[in-house]
Amino acid sequence: MSRVDRKATAFNHRDVQYSFMSLGVCPDPAEAEKMIRWTRGFWEAMQPFLTGGVYVNYLGREADEGVERIKAAYGPNYQRLVALKKKYDPTNLFRLNQNIKPDTQEAGNAS
């Protein structure tokens, strides 16, 4: 992934060496709450070692993740993607993903 310039595509994180995802799987529903606590605790413990970026396919729904996590997935490419969305999908028809809104206000708030 590092052979391609980070501005060549929407994918921004071309200089990282690892991808990290914390996932808890619990076959016993009675143990689910314990697994959720462990998984969240592990995630929090790893934060000092992470870049703050996120791979867009690891994200859940916008309602659960928040717009800032979507922006983190695209980094500096987010503003360019908002402009493309505004041009090619101004009514936001394609929105059932980690949505990039065609709203100029969103672009101005990109991090």
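**Reading the model from its uncertain stretch to its side-chain pairs**

Over residues 106-111 the pLDDT stays under 50, and for this stretch the model has 14 contacts beyond four places in sequence. The structure is a predicted model, and where pLDDT is low, the predicted coordinates should not be read in detail. For the protein as a whole the mean pLDDT is 86, with 93% of the residues reaching 70 or more.

The aromatic side chains offer a way into the fold, with a count of five aromatic pairs. One of these joins phenylalanine 11 to tyrosine 55 in an edge-to-face arrangement, the ring centres being 5.8 Å apart and the planes standing at 85 degrees to each other. This pair links distant parts of the chain, since phenylalanine 11 belongs to the segment before H1 and tyrosine 55 to the loop between H1 and H2, 44 residues apart. The loop that carries tyrosine 55 runs between helix H1, residues 32-46, and helix H2, residues 62-65. With a relative accessible area of 33%, tyrosine 55 is partly exposed, and Tyr55 also takes part in a nonpolar patch on the surface, together with Met21, Leu23, Val25 and Tyr58, the five having about 510 Å² of accessible area together.

A second aromatic pair is made by phenylalanine 20 and tryptophan 43, which counts as stacked because the ring centres are 5.7 Å apart and the planes lie at 20 degrees. Since phenylalanine 20 lies in the segment before H1 and tryptophan 43 in helix H1, the pair ties together parts that are 23 residues apart in sequence. Both partners are partly exposed, phenylalanine 20 with a relative accessible area of 24% and tryptophan 43 with 26%. These two rings also belong to a wider group, for ring pairs link Phe20, Trp38, Phe42 and Trp43 into a cluster.

Asparagine 12, which is likewise found in the segment before H1, is buried, with a relative accessible area of 4%. Leaving aside residues up to four places away in sequence, asparagine 12 touches Arg6 as well as Ala73, Tyr74, Gly75, Pro76 and Asn77.

The charged side chains can be followed in a similar way, as the structure holds six salt bridges. In one of them the side chains of arginine 69 and glutamate 65 meet, with an N to O distance of 3.4 Å; arginine 69 is partly exposed at a relative accessible area of 24%, and glutamate 65 is partly exposed at 28%.

Another salt bridge joins lysine 71 to glutamate 68, their closest N and O atoms being 3.6 Å apart. Because lysine 71 and glutamate 68 are three residues apart in helix H3, which spans residues 67-74, about one helical turn separates them. The two partners differ in their exposure: lysine 71 is buried, with a relative accessible area of 2%, whereas glutamate 68 is partly exposed, with a relative accessible area of 49%.

A further salt bridge is formed where the side chains of lysine 85 and aspartate 89 meet, at 3.4 Å from N to O. Here lysine 85 is buried, with a relative accessible area of 13%, and aspartate 89, at 7% relative accessibility, counts as buried too.

Technical notes: Residues are numbered from 1 along each chain as its sequence is written. This is a predicted model: local features need pLDDT of at least 70, side-chain atom pairs count only at pLDDT 80 or more; totals for chains, interfaces and linings use all residues. Side-chain values use heavy atoms; hydrogens and water are left out. Patches are made of residues with over 30% relative accessible area and no salt bridge: like charges are joined within 9 Å, nonpolar side chains (Val, Leu, Ile, Met, Phe, Trp, Tyr) within 5 Å. Accessible areas come from the Shrake-Rupley method with a 1.4 Å probe; for residues, only the protein chains shown count as cover. A salt bridge is a side-chain nitrogen of Lys or Arg within 4 Å of a carboxyl oxygen of Asp or Glu. Helices (H or I, at least four residues) and strands (E, at least two) are DSSP runs, numbered from the N terminus. Buried means under 20% relative accessible area, exposed over 50%, partly exposed in between (1.4 Å probe, protein chains only). Contact means heavy atoms within 4.5 Å. Rings of Phe, Tyr and Trp (its six-membered ring) pair if their centres lie within 6.5 Å; planes under 30 degrees apart count as stacked, over 60 as edge-to-face and the rest as tilted. pLDDT is the predictor's confidence in each residue, from 0 to 100.
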